[in-house]
Amino acid sequence: MTRLHNTIIYLIGIPAVGKYTVAKEIGRMTGAKVVDNQLINFPVYSVIGYDGTANFRFPQGAESHIEKIQRAVLAVIRDFCPPDGSFVFTNVLDAKAPGDKAWFRRIERLARQRKARFFPVWLTCDEEMIRQRKDTPERRSRRKDSDLTNIDWYLQEFEVLKVPHPNALTLDTSHCRPEQMAQRILEHVQGTGHNP
């Protein structure tokens, strides 16, 4: 096992590019804790009955409660987790949503507060593979976006938030196994010397 020391990896991309799957592999290979966006979303999504489709109408104000959960999780990591612990976060971040840039900055700030190395990684994937990965029982059970009708919108109209960073990496997950993706990310982490 390759141990990571006080490192935060942030996997960003549209639904079904493989963020959670790759994060789990990194966790398995290194012992890093996975903080998937659904870990934070799930308490709210489950009680309001989110079904993973674009047709679902979120009650007004529900998103603000998800933000409170995220802030609580980040505070626990900041204040109570071992100083040499490492974490892998995942998110879909919209370039046009001011709140999403704030989410990115919170993870970046957490890394600074912990004096951790920070690695934002953008994952991409082709349409065929997204279609194969998206509508699965596992995604539905975790209340993840499983709607096949919004794939074109995500690929053609949605703009993923990109934030310049010296440790940034972009990878296409279309034709690589999760363990290969995880290994490439870890090689990048081990070969990059920029600190926050």
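These are my notebook entries on the sheet, the helix packing and one aromatic pair in a predicted model.

Entry 1, the sheet.
I began with the strands and found five of them in an open sheet, ordered 2-3-1-4-5, with parallel pairing. I then looked up the edges, which are strand 2 (33-35) and strand 5 (169-172), each of them paired on one side only. From one strand to the next, I noted a twist that averages 20 degrees. Looking at one edge in detail, I saw that strand 2 pairs with strand 3 (residues 87-91) in the parallel sense over three bridges, and that V35 has F89 in strand 3 as its bridge partner.

Entry 2, helices on the sheet.
I next asked which strands helix 1 touches as it packs on the sheet. The list I wrote down is strand 1 (7-12), strand 2, strand 3 and strand 4 (117-124), and the direction of helix 1 makes about 180 degrees with that of strand 3. Helix 4 (residues 98-114) also packs on the sheet, where I found it touching strand 1, strand 3 and strand 4, with a direction at about 170 degrees to that of strand 1.

Entry 3, an aromatic pair between strands.
I looked up the aromatic pairs, for which the count comes to 13. The one I followed is Y10 with F118, a tilted pair with 6.5 Å from centre to centre and 45 degrees between the planes. Because Y10 lies in strand 1 and F118 in strand 4, this pair ties together parts that are 108 residues apart in sequence.

Entry 4, helix 1 against helix 8.
I turned to helix 1 (residues 19-30) and helix 8 (residues 178-191), whose axes come within 8 Å and cross at roughly 65 degrees. I therefore entered helix 1 as roughly perpendicular to helix 8, and I noted that their crossing is right-handed. On the helix 1 side, the contact is made by T21, V22, E25, I26, M29 and T30, which meet P178, E179, M181, A182, Q183, I185 and L186 of helix 8. Sorted by class, I have eight nonpolar, three polar and two charged residues in this contact.

Entry 5, helix 3 against helix 4.
Helix 3 (residues 62-80) packs with helix 4 at an angle of about 10 degrees, and I noted their axes as 10 Å apart. That angle makes helix 3 roughly parallel to helix 4, and I recorded the crossing of the two as right-handed. What meets what across this contact of helix 3 and helix 4? I listed I66, E67, Q70, R71, L74, I77 and R78 from helix 3, and opposite them W103, R106, I107, L110, Q113 and R114 from helix 4. The classes here are six nonpolar, two polar and five charged residues.

Entry 6, helix 2 against helix 3.
For helix 2 (residues 37-48) and helix 3, I found axes that come within 9 Å and cross at roughly 145 degrees, in a crossing that is right-handed. I40, N41, P43, V44 and Y45 of helix 2 meet A62, H65, I66, I69, Q70 and V73 of helix 3. By class, I wrote down eight nonpolar, three polar and no charged residues for this contact. Going back over my lists, I noticed I66 and Q70 of helix 3 here, and I66 and Q70 are also among the helix 3 residues that meet helix 4.

Conventions:
Residues are numbered from 1 along each chain as its sequence is written. This is a predicted model: local features need pLDDT of at least 70, side-chain atom pairs count only at pLDDT 80 or more; totals for chains, interfaces and linings use all residues. Side-chain values use heavy atoms; hydrogens and water are left out. Axes are lines fitted to C-alpha atoms, for helices over the stretch in contact, and angles run from 0 to 180 degrees between N-to-C directions. Angles under 35 degrees count as roughly parallel, over 145 as roughly antiparallel, 65 to 115 as roughly perpendicular and the rest as oblique. A crossing is left-handed if the near helix is turned anticlockwise from the far one by less than a right angle, and right-handed if clockwise. Contact means heavy atoms within 4.5 Å. Ala, Val, Leu, Ile, Met, Phe, Trp, Tyr, Cys and Pro count as nonpolar, Asp, Glu, Lys and Arg as charged, and the others, Gly among them, as polar. Two strands pair if DSSP finds at least two bridges between them. Rings of Phe, Tyr and Trp (its six-membered ring) pair if their centres lie within 6.5 Å; planes under 30 degrees apart count as stacked, over 60 as edge-to-face and the rest as tilted.
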